[in-house]
Amino acid sequence: MQLPHLGRFVIDKIFKIPELTNFEIDKLEQIPLGYLRKNNKTMLGCCRFKNNSRWIRRNKRGEIIERGKDFWPYENTLGPDDVRKIDIHPDLLADPQWERLAASVLYHEYLHALGFRHCPTFRALESLWPDKDARLGTRKVKLNSPMYIRWLSRSK
Ligand SMILES: [Zn+2]
């Protein structure tokens, strides 16, 4: 599957998750998608925020003096407009056997784009991904997932 295709696929699923309807899900498709470096050992995906995204405050000299710690449900949190790019591990798209995992990874990154960090709410929303076998979560959840374990032991 190609990246734009994957994006469309995941966003269509997100539109069907009632718990997410109050967020800016219509803006998710504006986020550019790209690839992590192939030799990235630890990450499956990464949501990169803009340097001047809303949660950073600068002094007159332009130095960053404060970084927002609180994401949703606080006011003025990050949203899709603050995202520069989402990168996905290239191996996830190189082989059809990882398609379901790729979709779940992109769902995880889109949740970050909606303003969530790895808070309990994030984990609750993460567990709403309709493809149960591909669901991601805490490290413990991942290490109980046969699909994730297969990913870790894939031949490169
Ligand atoms: Zn994450």
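Here are some short exercises on the structure above, each with a worked solution.

This is a predicted model, in which local features need pLDDT of at least 70, side-chain atom pairs count only at pLDDT 80 or more, and totals for chains, interfaces and linings use all residues. Residues are numbered from 1 along each chain as its sequence is written.

**Exercise 1. Find which elements the chain contains and in what order they run.**

Step 1. Take helices (H or I, at least four residues) and strands (E, at least two) as DSSP runs, numbered from the N terminus.
Step 2. The tally for the chain is six helices and five strands.
Step 3. Reading from the N terminus gives the order α-β-β-β-β-β-α-α-α-α-α.

**Exercise 2. Describe how helix 1 and helix 3 pack.**

Step 1. Axes are lines fitted to C-alpha atoms, for helices over the stretch in contact, and angles run from 0 to 180 degrees between N-to-C directions.
Step 2. Helix 1 (residues 3-14) meets helix 3 (residues 99-113) at an angle of about 65°, and their axes are 10 Å apart.
Step 3. Angles under 35 degrees count as roughly parallel, over 145 as roughly antiparallel, 65 to 115 as roughly perpendicular and the rest as oblique. Helix 1 and helix 3 are therefore roughly perpendicular to each other.
Step 4. Their crossing is right-handed, a term used if the near helix is turned clockwise from the far one by less than a right angle.
Step 5. Helix 1 makes the contact through L6, G7, F9, V10 and I14, and helix 3 through A102, A103, L106, Y107 and Y110. Two residues are in contact if their C-beta atoms, placed from the backbone, lie within 7 Å.
Step 6. Sorted by class, this contact has nine nonpolar, one polar and no charged residues. Here Ala, Val, Leu, Ile, Met, Phe, Trp, Tyr, Cys and Pro count as nonpolar, Asp, Glu, Lys and Arg as charged, and the others, Gly among them, as polar.

**Exercise 3. Work out which element gives the most to the largest nonpolar core.**

Step 1. A nonpolar core is a set of buried Ala, Val, Leu, Ile, Met, Phe, Trp, Tyr and Cys residues joined through C-beta atoms within 7 Å. A residue is buried if 20 or more other C-beta atoms lie within 10 Å of its own, exposed if 12 or fewer, and partly exposed in between.
Step 2. The largest core has 26 residues, and those touching the most other members are L92, A102, V105, L106, Y107, Y110 and A113.
Step 3. Helix 1, strand 5 (83-88) and helix 3 each give two or more residues to this core.
Step 4. Helix 3 gives the most, with nine residues.
Step 5. Beyond four places in sequence, A102 touches L6, I88, L92 and L93.

**Exercise 4. Decide whether M1, T42 and W129 are buried, partly exposed or exposed.**

Step 1. M1 sits in the segment before helix 1. M1 is partly exposed, because 15 other C-beta atoms lie within 10 Å.
Step 2. T42 lies in the loop between strand 1 (33-35) and strand 2 (45-49). T42 has 6 other C-beta atoms within 10 Å, so T42 is exposed.
Step 3. W129 is in the loop between helix 4 (120-126) and helix 5 (139-143). W129 counts as buried because it has 21 C-beta neighbours inside 10 Å.
Step 4. Not counting residues up to four places away in sequence, W129 touches S104, Y107, A134 and R135.
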